[in-house]
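Reader: Could you walk me through one part of this protein in detail? I would love a close look at how two of its domains sit against each other.

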Amino acid sequence: MSATLTATQLKAEQPTGKKARVAIVGGGLAGLAAGCALADAGFSVKLFERKPFLGGRASSYQHPATGEVVDNCQHVLLGCCTNLLDFYKRLGVEDQIRWFEQLTFMLPNGKAGTIEPSGLPAPLHASPAFLKFKVLSLGDKLSIARAMLALMRGLPKESGDNFLSWLKRHGQTEHAINRFWAPVLISALNDDLDQVSVRYAAMVFRESFLKSAEAGKMGVPAAPLSDIYGRAGEYIEKRGGEVVLRASVDQLTLQDSRVLLRVNGEQIESDYVVLAAPFFESVKLLPEADSEGLRSQIGELKTVPITGIHFWFDREVTPLEHAVLLDRTIQWMFQKSKLLRGQRDEGAPLAAGSHIELVVSSSKSLLTMGRNEILDLALKEFYEFFPQAKEARVLKSAVIKEVHATFSPAPQGDRYRPLPITPWPRIFLSGDWTATGWPATMEGAVRGGYLTAEALSFATGNQRKFLVPDLGAKGLMKLFP
């Protein structure tokens, strides 16, 4: 679906003699990115977030049972996330991201392999490490190389095919699928390979693995997420805007020249409104009249869960800061006690104890399981990868289920993702679930916010551009489309 907008689609009577007022419903990344961009463009921004903190699904809070500050789920980014990086620079928090060029993949028997760039030109930059990759056989690697050659030729057109079928048609071995394609894609797209479109799966590998070494660098936040995204609230307020937390918007009424919102029982007036809450919440605020088609369209999007499992040990249980875990339910290990302080206290010794987060993306199998059952399963599997951890004592533990973490990047699912404009000239949509051209990621959310800001600017004759270009291809990848 194209995000191209026309002046006719966006035409609306504009207020004169004052800043145009924009109410933003939702303080996740899309709402924050839209709010910051619109504040820069001279709009009077008022953002409402029902939670007591900003960040939406990329937030942190004090866990009531443990007293520890935890992220609702571990979030990572890649070097190819150009708009997210632009947003970080806008906020002045780019130094709160730690970058890693090496990824460690581990088997339960302790065997491990690493992927990292070399001095060779793209797309060959990771070839030396890949050739020595211990968790795959030579036959597995040859099958992956053949599939990569097919992906180099360009992004395939969207179809009803899923990526698992594509992999099997391209001769991928069982281990190649389970130990290479699946770990990367399930983490990036948060759904199983038989539910993922070929186009988005191909995009992940072309944008991150093939285009350049810079594109594939992994960034991990070195501070709690709400600390990072709380800076967006300060950014808006410094430009004359307002951010209201614990603010529940439960009704929206359109009038000829304004929009009325009911916020915590009070009526708020605005010239425009941006609905930047999750899609299943935003549709509830659309006007009843003439909204059936849009509601039905958006209602076809399906959500997928992520589960984060936290353990606090009384000692350090591994020197690794992060690792991909293969052949088990748990998929990633992040040593938060090292990651969160490494950026600020580089070289300082780690205090006694270790905070480990284990991540299960597309965690549908865990939804019906209880807390203790999940903890027992995760700890048992963790010991298979890190047997030395059995000597440590678990001090605290927590399970955080993000039931509606992302929407599924299903085959042909883009037809259900709406443009930022709506049939009502004063109502705009924003989110990773809108027609951003990217899957449900932090990059996709910021793109959604920037596209909405561009649409609203265009509607008022401002014609500001906020979206930044994709990272360019390097080396031999310049020869491919």
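Author: The centres of domain 1 and domain 3, taken over C-alpha atoms, are 33 Å apart. This is a predicted model, in which local features need pLDDT of at least 70 and side-chain atom pairs count only at pLDDT 80 or more, while totals for chains, interfaces and linings use all residues. Residues are numbered from 1 along each chain as its sequence is written, and side-chain values use heavy atoms, with hydrogens and water left out.

To place the partners, domain 1 is made up of 21-57 + 224-302 + 411-460 and domain 3 covers 303-407, with domain 2 at 116-213; these bounds come from an automatic or database domain assignment.

Now to the interface itself. Eleven residues of domain 1 are in contact (heavy atoms within 4.5 Å) with eight residues of domain 3. Together the two domains bury about 780 Å², and carbon and sulfur atoms give 70% of that area. Buried area here is the accessible area (1.4 Å probe) that two parts lose on being put together, summed over both. On the domain 1 side, Arg57, Lys302 and Ala440 supply 54% of the area buried against domain 3, more than any other three residues.

What about polar links? The rule finds zero salt bridges across the interface of domain 1 and domain 3, a salt bridge being a side-chain nitrogen of Lys or Arg within 4 Å of a carboxyl oxygen of Asp or Glu. One residue pair, both at pLDDT 80 or more, is in polar contact across this interface. That term means a pair of N or O atoms within 3.5 Å; within protein, one must be able to donate a hydrogen and the other to accept it, and residues adjacent in sequence count only if both atoms are side-chain atoms. By class, the side of domain 1 that touches domain 3 has seven nonpolar, no polar and four charged residues. Nonpolar covers Ala, Val, Leu, Ile, Met, Phe, Trp, Tyr, Cys and Pro, charged covers Asp, Glu, Lys and Arg, and the others, Gly among them, are polar.

Salt bridges do occur in the structure, which holds 29. In one of them, the side chains of Asp271 and Arg21 meet at 3.0 Å, N to O. Asp271 lies in the loop between strand S13 (266-270) and strand S14 (272-275), and Arg21 lies in strand S1 (residues 21-25), so the pair links parts of the chain 250 residues apart. Strands are DSSP runs (E, at least two residues), numbered from the N terminus.

Terms used: Helix = DSSP H or I, 4+ residues; strand = E, 2+ residues; numbered from the N terminus.
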